[in-house]
Amino acid sequence: MHNTRANDPKLIWQAQAREHTLISVEEVRLKAQIARRNVCRNLVIASVSALLLVVFCSLAIINFSSTPVRMIAAAMMLMTAVIVGKAWYRMWPLHTRSPNAALVGCIEFYRRELLIQYRAAAITWRFIVPVVILAFLMWNAVFRTNPLVPKILLSSVLILLFFVRRRNARQLQRKLSILDTFEEENSR
Amino acid sequence: MRDKREDLYNRATADYGDALDRLVRAYELDPDKRRDLLQEIHLALWRSFDRFEARCSLRTWVYRVAHNIAISHVIRYRRARLLLSLEEIESIPMRNDETCDADNRLDLERLLELIHQLNPVDREVMLLYLEDLDATTIGEILEMSAVNVRSKIHRIKELLARRFHGGGPR
């Protein structure tokens, strides 16, 4: 077999005309900044929710004389601080791609990436739910409105949160099941 | 840090920009998505250079990251299409026009068609082989043994010989 320039697959492959213009450093830097901003936004939302939760817990400690309530509030404050601290530690460094390119490593990497995305959203929900519940409990002490208003408003928010979180969980499950099928097909 | 990253990125795009452009063609048929995939690869490279400690060559690093992203892309936009291994594709008979009317068909088109039919692992090996990388380097990039890569390359060569020169067993 003799390869000529006309029929050598390597030469045919390497002789392709370039389809895309070079992507500039500025363009890439901009995209990297956008990706980082998204991570920051999630962390900031989670942190603000956590701060609100801490404020509510502090109010509970100040206003309630019952020791068990105070202990629960203090435990919640401690847990919130630990969760937020861990979230910043885990998510603040930019999530970079794994250098492992073998298929198994790659699938594992993608699975991990999906889980991290889900956790980043889940941590926000985790703080928002207790904040909403505590706001519901303390509404009448802070605002003077018809007692029905907080009941309707806050229970609607809780229901909304429940459905949004459920939708997120389903989306993740769907993506993971596609990934599992893909892995199964390619491991045969 | 920024200077080091920018320097590495500039070197990577200057040396392997063309190869990355070819690589995305092998993973995505749709031109818009192809552009997105290329941008995603460039972004991942930019981000990954934060962690590049020269434990492997720049070429190995660039190809690793690029293939990693490309496979993630394949998984994300997975179509209901059966991807084949080299062994399976060898058993598929060639169409008549491929054997006797080769001059009338674009060779590159045929090559791309063949690549798009392959499963991700075999596709990666074929692409790196077409980029003229040796078995040891391919093994290093894909974290496979050189023996395994050589065996795959052997099959690839036979397959390409049959499809492009009409030689070898049918």
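From the N terminus on, chain A of this predicted model runs through its elements in the order α-α-α-α-α. The secondary structure of chain A thus amounts to 5 helices and 0 strands. Of the 188 residues in chain A, 34% are buried. Among its contacts with a sequence separation of 6 or more, 69% involve residues 24 or more positions apart.

Chain B is likewise described by its helices, and its pattern along the sequence reads α-α-α-α-α-α-α-α-α. The count for chain B is 9 helices and 0 strands. Buried residues account for 55% of the 170 residues in chain B. For contacts in chain B between residues at least 6 apart in sequence, the share that joins residues at least 24 apart is 70%.

It helps to turn next to helix 3 of chain B, which takes part in two of the packings described here. This helix covers residues 58–76. Its 19 residues span 27 Å from the first C-alpha to the last, close to the 27 Å expected at 1.5 Å a residue. Helix 3 of chain B is also mostly covered, with 17 of its 19 residues buried.

One partner of helix 3 of chain B is helix 2 of chain B, residues 31–48. Two packed helices are described by the angle between their axes and the distance between the axes. Here the angle is about 135 degrees and the axes lie 9 Å apart. Helix 2 and helix 3 of chain B are therefore oblique to each other, since an angle would have to be over 145 degrees to count as roughly antiparallel. Their crossing is right-handed. On the side of helix 2 of chain B, the contact is made by B:Lys33, B:Leu37, B:Glu40, B:Ile41, B:Ala44, B:Leu45 and B:Ser48. Helix 3 of chain B contributes B:Trp61, B:Val62, B:Val65, B:Ala66, B:Ile69, B:Ala70, B:His73 and B:Arg76. By class, the residues of this contact divide into 10 nonpolar, 2 polar and 3 charged. The spacing of many of these positions can be read with the helical repeat in mind: an α-helix has 3.6 residues a turn, so residues three or four places apart point the same way.

The other partner of helix 3 of chain B is helix 8 of chain B, whose axis comes within 9 Å and crosses at roughly 50 degrees. That angle makes helix 3 of chain B oblique to helix 8 of chain B. This crossing, too, is right-handed. Helix 3 of chain B meets its partner through B:Arg59, B:Thr60, B:Tyr63 and B:Arg64, while helix 8 of chain B supplies B:Thr137, B:Glu140 and B:Ile141. The residues of the contact comprise 2 nonpolar, 2 polar and 3 charged.

B:Glu140 gives a residue-level view of this second packing. The residue sits in helix 8 of chain B, residues 135–142. With a relative accessible area of 37%, B:Glu140 is partly exposed. Beyond residues up to four places away in sequence, B:Glu140 touches B:Cys56, B:Thr60 and B:Arg64. B:Arg64 lies 76 residues from B:Glu140 in sequence, yet the two C-alpha atoms are 9.0 Å apart in space.

The loops on either side of helix 8 of chain B each offer a backbone detail. In the loop between helix 7 (120–130) and helix 8 of chain B is B:Asp132, a residue other than glycine with a positive phi near 75 degrees. B:Glu143 lies in the loop between helix 8 and helix 9 (146–165) of chain B. Its phi is near 55 degrees, again a positive value in a residue other than glycine. B:Glu143 counts as partly exposed at 43% relative accessibility.

Contacts between the two chains complete the picture. The axes of helix 2 (residues 25–63) of chain A and helix 2 of chain B come within 9 Å and cross at roughly 80 degrees. These two helices are therefore roughly perpendicular to each other. From chain A, the residues that meet the partner helix are A:Val25, A:Glu27, A:Val28, A:Arg29, A:Lys31, A:Ala32 and A:Ala35. Their counterparts in helix 2 of chain B are B:Arg35, B:Gln39, B:His42, B:Leu43, B:Trp46 and B:Arg47. The contact divides into 6 nonpolar, 2 polar and 5 charged residues.

A:Glu19, in the loop between helix 1 (9–14) and helix 2 of chain A, also reaches across to chain B, where it touches B:Asp21, B:Arg25 and B:Arg34. The relative accessible area of A:Glu19 is 32%, which means that A:Glu19 is partly exposed.

Note on methods. Residues are numbered from 1 along each chain as its sequence is written. Chains are lettered from A and ligands numbered from 1 in the order in which they are written. This is a predicted model: local features need pLDDT of at least 70, side-chain atom pairs count only at pLDDT 80 or more; totals for chains, interfaces and linings use all residues. Side-chain values use heavy atoms; hydrogens and water are left out. Axes are lines fitted to C-alpha atoms, for helices over the stretch in contact, and angles run from 0 to 180 degrees between N-to-C directions. Helices (H or I, at least four residues) and strands (E, at least two) are DSSP runs, numbered from the N terminus. Angles under 35 degrees count as roughly parallel, over 145 as roughly antiparallel, 65 to 115 as roughly perpendicular and the rest as oblique. A crossing is left-handed if the near helix is turned anticlockwise from the far one by less than a right angle, and right-handed if clockwise. Contact means heavy atoms within 4.5 Å. Ala, Val, Leu, Ile, Met, Phe, Trp, Tyr, Cys and Pro count as nonpolar, Asp, Glu, Lys and Arg as charged, and the others, Gly among them, as polar. The expected span of a helix is 1.5 Å times one less than its number of residues. Buried means under 20% relative accessible area, exposed over 50%, partly exposed in between (1.4 Å probe, protein chains only).
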